[in-house]
Amino acid sequence: MAIADAGSSSQRALRPRRLRLDLTTPTLLGLPLAWLGVFFLVPIAIVAAYSFDVYSLDPGPHGFTLTAWHDFLHSSVYLALFWKSVKLSLTVSAIIVVLAYPLAYYLALSGTKRKYILLLLLIAPFLTSYLLRVLAWKVILGNQGVVNTFLFWTGLRSPDHPLSQLLYSRFAVMLVLGYIWLPFVALPIFVSLESLDRRLLEAASDLGASRLQAFRRVTLPLSLPGVVAAFLFVFIPTLGEFVTPSLVGGTSGYLYGNQIVDLFGTGFPDWETGSVLAIFLLGVVAVLTVVFARFLQPRQVVAD
Amino acid sequence: MDKQEDMERRLSREQLLKVAAAAGGASLLGGRVDAAHAALDWLNADSGRLQVLDWAGYGNDGGQAMFAQYVKAHPKNKPQFTYMGNESDALAKIHAGLKPDLFRPYVGWVKYFAKSGLVQPWDPKQISNFKHLNPFMVKAGQYKGKQYGIPDDWGFDAILYRSDKVHPKARSWGLLFDERYKGRIAWFDDLNMLTIAGLYLGFDKPWRQTDAQLKKSQKLLKSKKHLVRLIWSSETNLWEAFGSGEVWIAYAWPNDWVQMKKKLKVVYMRPREKPVAWVGMFMLLKGTKRPHLAHAYVNAWSAARSGKWLEDNYGYGHANTLARPSSSDLLKALRLTDPRAVTEPNAHLDRDIPRRALYARMWEEVKAS
């Protein structure tokens, strides 16, 4: 009897809980998904419609056509510019991953008590505006900037011959992008290293592995998902970047993102071609994300 | 049993989301333009303020003296500004739903906008200062006998260079393509660069280049782009680069010369192929709800006092022939005493480019190359 009572009371308790689950889960999931649909998928669909001339800026007659896509895919200029941007983004991403890894490694594994203070210092630049951080580099890299003034002071350069390729160049774009995105790279690597099971390192040591071998066989493979995530965090946004190139890039730092902006606004409005460029970029990024996502699965550590 | 229930619940959630996404998407796709227009109408009607689409520096960000007379007469209808980067930007904004009462393209765009159906002619009788405006510029603002553009500010596209660093071989647009000054040259981010290239190459109609001529102009620009440090799109961008010594030679406007000569040894050179003259043209949007206020605003801009202020402070000319600057240098540089300063034989008055979209695409290709 007592058992039966307990059973019926637990059923009573379950009923309202299940009801609440049914209502809350769709609501909780529905809101962000609706947000994503309305502010992400629908705008992309509209941009895609512009690329096929289904929508047009010109009030004249228009309809579905693949002309802009055909012109784009047969244009050596746009594809070359895209490739230039890909190369630049790949270089920036690879360099800062290599630079950020030791930093994240030190923060996560050195056992320093100040690691969270150091982490805070690392992300401190985020407290200022993105634009301000980019513009600050103009003060540093310009003809009369900090670097050149130092060179004049040391006598390595004369004021008549400053190092002028520091600013308005591809180098300037890469440097500033690297600086801006470094914390984004360090953080995922830091997280993956910090969650590493230290006992695995101890086991490796007990089994006779040197520190380098333990790093190569244990630490590095287990932190790879963080490294890949970090790489993607930089590569994807820098591929479509246009603010930094327009501020410090000059003629040689002009990138694919700048072309999209110009086609939509500052040039004679050509939203059809602009949309093609934007959708193409989106497609490439989506494919790359899927490919890289495979590497995000934690790898097993297998002893030989 | 539990698994089956779970599956059913998941399916129903997915279906629900699909329906919600589809409904949201459809309603957005179907009604986006109308809804945006209705919202903008409501905002405009509610404010009752004159809506002006103008260039940076001509609104409440420094140009207040130009329309002070209007504000004094209409304190309850002060102008509200939206800024345009250039005419293309204005066109994109208007197409996207912005509804200004008036805006300011330059003379080369008068025909384009007049034909576009986006604008309506002015009534010059409502502009008391109209009779003082330069007749050549007034004529340039007409299309099919109607006054679509009211001329106001004007100036030249010419070459600004540092006289302590640069020694031109000739007074020519060729200075923008001079190999000796690699990395010290700034071009302007506009399809007009193809027109300039056409002028330099000696084409008789740079605004109406044939396909072959356009290819030659584009080839010239592409082949000389490696000399160019900066393609500027805002004057502050140019001033910063020129002022700090990054750039010594630039495609520039009179105001750039006025600003740079304050601290550098500079020359504003009129090339032998002649400079290109531009004239700002106020245009009235079709269907504006505030046509009288728009006329009053343009009348304020057209006053001689406003003109003098513009010349003194911005270094641009003004269409009011009674306006005279305090500086004799400027008077000479802009040839302000000559009513034909902006037209032949002194300069090429900028004009309509019938194949503007093609020019634009070719200029974008130059930048992307």
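The exercises below, each with a worked solution, concern a predicted model. Residues are numbered from 1 along each chain as its sequence is written, and chains are lettered from A and ligands numbered from 1 in the order in which they are written. Local features need pLDDT of at least 70 and side-chain atom pairs count only at pLDDT 80 or more, whereas totals for chains, interfaces and linings use all residues.

**Exercise 1. Describe the side of chain B that touches chain A.**

Begin with the contacts: 38 residues of chain B meet 33 residues of chain A, two residues being in contact if their C-beta atoms, placed from the backbone, lie within 7 Å. Next, assign elements: helix H1 (2-47), helix H3 (87-95), strand E9 (228-232) and helix H13 (356-368) of chain B each contribute at least two residues to this side, where helices (H or I, at least four residues) and strands (E, at least two) are DSSP runs numbered from the N terminus. Finally, sort the residues of this side of chain B by character, which gives 16 nonpolar, eleven polar and eleven charged; Ala, Val, Leu, Ile, Met, Phe, Trp, Tyr, Cys and Pro count as nonpolar, Asp, Glu, Lys and Arg as charged, and the others, Gly among them, as polar.

**Exercise 2. Place strand E1 (residues 51-55) of chain B among its partners.**

First, consider burial: five of the five residues of E1(B) are buried, that is, 20 or more other C-beta atoms lie within 10 Å of their own, with C-beta atoms placed from the backbone. Then follow the pairing, for which DSSP must find at least two bridges between two strands. E1(B) pairs in the parallel sense with strand E2 (residues 80-84) of chain B over five bridges, and Asp54(B) has Tyr83(B) as its bridge partner in E2(B). Between E1(B) and E2(B) the chain passes through helix H2 (residues 68-73) of chain B in a right-handed β-α-β crossover, meaning that, with the strands pointing away from the viewer, the path from the first strand over the helix to the second runs clockwise. Strand E3 (residues 102-103) of chain B is also parallel to E1(B), over two bridges, and there Leu53(B) is partnered by Phe103(B).

**Exercise 3. Summarise the fold of chain B as a whole.**

Counting elements gives 13 helices and 14 strands in chain B. Of its 369 residues, 46% are buried.

Conventions
A residue is buried if 20 or more other C-beta atoms lie within 10 Å of its own, exposed if 12 or fewer, and partly exposed in between; C-beta atoms are placed from the backbone.
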